[in-house]
Amino acid sequence: MTTRITHLVAGSPWEGTSERTSEVFNPATGEVTGTLDLASAALVDEVVTGAKAAWRDSWASVSLARRTQVLFAFRQLLHENRERIAALITAEHGKVLSDALGEVTRGLEVAEFACGIPHLLKGGYSENASTDVDVYSLRQSLGVVAVVSPFNFPAMVPLWFVPVAVACGNAVVVKPSEKDPSATLAVAELWREAGLPDGIMNVVNGDKEAVDALLTHPDVKALSFVGSTPVARYVYETGTAHGKRVQALGGAKNHMLVLPDADLDLAADAAVNAGFGSAGERCMSISALVVVDTVADELVARITERMAALRTGDGTRGCDMGPLVTAAHRDKVTSYVESGAAEGAELVVDGRDAPVDADGDGFFLSPTLFDRVTPGMSVYDDEIFGPVLSVVRVASYDEGLALINANPYGNGTAIFTNDGGAARRFQHEVEVGMVGINVPVPVPVSYYSFGGWKNSLFGDSHAHGTEGVHFYTRGKVVTSRWLDPSHGGVDLGFPQNA
Ligand code: NAD
């Protein structure tokens with residue numbers, strides 16, 4: 001039995017009939033569990049038009065006090081529904097339940113941040129900027145904004161954007177990944193119960209056709225995208241060519257540099273957690289472990305020991321790691337294990353034939369470790385997005401730093417050391433947007449902004465935090481003078497302050 005999964009339009013499930021559909025799987029069993037309606041460009045147009053009307057007629061002029069009440073109610077509902085949403089994530093993405101719950105919690109933090117919107121939207125005021133002239137600034141909503149999200153965080157990534165966009169007074173259309181849309185829909189449904197007017201929060205399911213319709217629609221004023229680098233680049237170029245604000249977060253290749261004075265147990269734990277958590281399907285996963293040669297043998301031994309204890313299987317069974325999202329993605333990741341071995345890397349742990357704890361024919365590949373990987377090998381050069389960790393040996397801090405800075409991606413990185421001076425140098429010199437010091441997955445808290453450098457982000461605004469508030473609002477400055485006896489006189493010169 002498969003469930004029909006459809007769009008959420010003006011707060012209600014869509015009642016039309018879709019010309020195109022796609023299949024949604026349970027990756028742990030390999031079974032098809034859902035049939036997803038794919039939106040046409042005409043449906044996207046209808047939804048955007050409805051969202052614009054709802055924004056103009058209601059939300060754009062709703063008071064900050066009322067908006068805040070809705071946000072607090074949404075935050076509470078999200079908290080109450082977190083286990084149900086986590087179960088939906090595990091059922092369609094495959095990550096283990098505890099990890100899915102962690103994802104919802106990180107999204108919840110952005111809803112909590114957005115509850116402070118009255119403070120975040122406060123403008124400046126300068127009395128008597130010129131004689132009897134006051135100047136002040138406002139930030140106003142944009143209208144309809146769109147969010148296009150990837151499969152790997154179906155709850156958290158939309159939550160990076162939606163609460164901030166709504167808090168700023170916009171209407172939102174979300175296009176989730178077609179691989180695991182149900183958690184995104186379940187979160188979106190909570191807004192109506194929280195008191196958000198119908199039409200302000202909408203979800204259209206779909207593929208390239210829906211994304212292109214959003215990118216070219218004149219009433220979509222801004223678009224936040226998260227996904228792979230080639231698509232992010234395309235989205236940025238197309239959206240900006242159509243006059244939109246675009247922030248397009250792309251792929252990653254994250255390095256963890258281990259210096260000889262690091263606590264090797266801490267580093268080994270961190271490498272295993274950050275390399276294999278969520279089966280490596282995190283944009284902040286560690287993919288390349290850059291180790292100074294003198295401690296590399298010891299670190300590889302400690303990592304191998306820890307990997308032997310990991311259990312791969314169905315995410316509902318208390319395993320450490322779940323399956324990959326689709327059979328095609330599992331096959332692609334497995335092909336990297338083959339090419340790594342063929343290109344001369346040392347395959348220390350081979351996850352291809354390891355036992356898994358699951359029924360059916362799920363999309364599994366167990367944790368895999370390569371040593372002596374070098375640039376030029378495909379396991380190093382490409383974003384693999386799977387449970388494959390590569391050890392790259394370097395002679396020194398300088399060689400490790402140069403390697404990281406030469407990489408075209410710049411999402412996250414980490415250094416493991418007990419030397420405060422080295423860590424401080426690293427945070428200054430590394431060309432990466434998010435840096436961890438003895439922290440392997442340095443995802444910023446919601447009141448800072450999330451985003452990488454280089455091919456990991458196109459556009460100039462990062463997600464949430466004050467950059468999110470700026471992205472979803474337009475600034476306006478008012479210069480005001482009220483009549484008094486000194487007013488009067490014609491003067492064609494450029495206004496000067498006195
Ligand atoms: P993806 O690029 O395949 O898809 C992302 C979204 O774009 C989906 O909604 C998809 O339907 C849509 N899409 C796909 N192809 C398209 C096309 N040709 N035209 C228009 N739209 C298209 O990415 P994914 O496989 O869902 O997610 C994994 C990728 O996302 C990885 O590269 C990962 O690093 C990246 N990611 C980055 C971050 C970050 O913060 N930088 C966060 C999470 C994931």
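Here is a short chat between a colleague and a modeller about a predicted protein model.

Colleague: Let's start with the overall fold. How many helices and how many strands does the protein have?
Modeller: Keep in mind that this is a predicted model. Counting up its secondary structure, the protein comes to 16 helices and 23 strands.

Colleague: What radius of gyration does the protein have, and what would a compact globule have?
Modeller: The chain has 498 residues, and a compact globule with that many would come out near 23 Å. The value for the protein agrees with that, at 25 Å.

Colleague: What size of box do the C-alpha atoms fill?
Modeller: The box is taken along the principal axes. Its sides are roughly 85 × 60 × 40 Å.

Colleague: What share of the contacts is between residues 24 or more positions apart?
Modeller: Here we look at contacts in the protein with a separation of 6 or more. Of those, the part from residues 24 or more positions apart is 73%.

Colleague: What percentage of the residues count as buried, and how much of the accessible surface belongs to carbon and sulfur atoms?
Modeller: Of the 498 residues, 56% count as buried. The accessible surface comes to about 20400 Å². Carbon and sulfur atoms hold a share of that surface equal to 52%.

Colleague: How far apart are the mean positions of the positive and negative charges?
Modeller: The protein has 38 positive and 61 negative charges. Take the mean position of each set, and the two are apart by 6 Å.

Colleague: On to the cysteines: how many disulfides does a search of the whole structure find?
Modeller: A disulfide is a covalent bond between the sulfur atoms of two cysteines. For Cys115, the closest cysteine sulfur is in Cys168, 13 Å away, so that is too far for a bond. Cys168 is in the matching position, because its closest cysteine sulfur is the one in Cys115. Across the whole structure, the number of disulfides found is zero.

Colleague: Are Cys115 and Cys168 buried or exposed?
Modeller: Cys115 has a relative accessible area of 8%, and Cys168 has 2% relative accessibility. The cut-off for buried is under 20%, so Cys115 and Cys168 are both buried.

Colleague: What is the phi of Asn128, and where is Asn128 found?
Modeller: Most residues other than glycine have a negative phi. Asn128 has a positive value, near 60 degrees. Asn128 is partly exposed at 46% relative accessibility, and its place is in strand S6.

Colleague: Where is Ala279, and what is its phi?
Modeller: Ala279 is in the loop between helix H10 and strand S14. Ala279 counts as buried, with 1% relative accessibility. It is not a glycine, yet its phi is positive, at about 55 degrees.

Colleague: Which residues is Val349 in contact with, leaving aside neighbours within four places in sequence?
Modeller: Val349 is in strand S15 and is buried, with a relative accessible area of 19%. Its C-alpha is separated by 12 Å from that of Ala309, 40 residues apart along the chain. The contacts of Val349 are Thr304, Met307, Pro367, Thr368 and Leu369.

Colleague: Last one: which residues does Arg233 touch, not counting those up to four places away in sequence?
Modeller: Arg233 is found in helix H9 and counts as partly exposed, at 34% relative accessibility. The C-alpha atoms of Arg233 and Ser449 are separated by 20 Å, and the two residues are 216 residues apart along the chain. The residues Arg233 touches are Asn455 and Phe458.

Definitions and conventions:
Residues numbered from 1 in each chain as written. Predicted model: local features only at pLDDT ≥ 70, side-chain atom pairs only at ≥ 80, totals over all residues. Heavy atoms only, no water. Helix = DSSP H or I, 4+ residues; strand = E, 2+ residues; numbered from the N terminus. Rg over C-alpha atoms; globule rule 2.2 N^0.38 Å. Buried < 20%, exposed > 50% of the residue type's maximum accessible area, 1.4 Å probe, protein only. Contact = heavy atoms within 4.5 Å. Areas by Shrake-Rupley, 256 points an atom, 1.4 Å probe, with all protein chains shown as cover. Lys, Arg positive; Asp, Glu negative; His and termini not counted. Charge placed at Lys NZ, Arg CZ, Asp CG, Glu CD. Disulfide = S-S within 2.5 Å.
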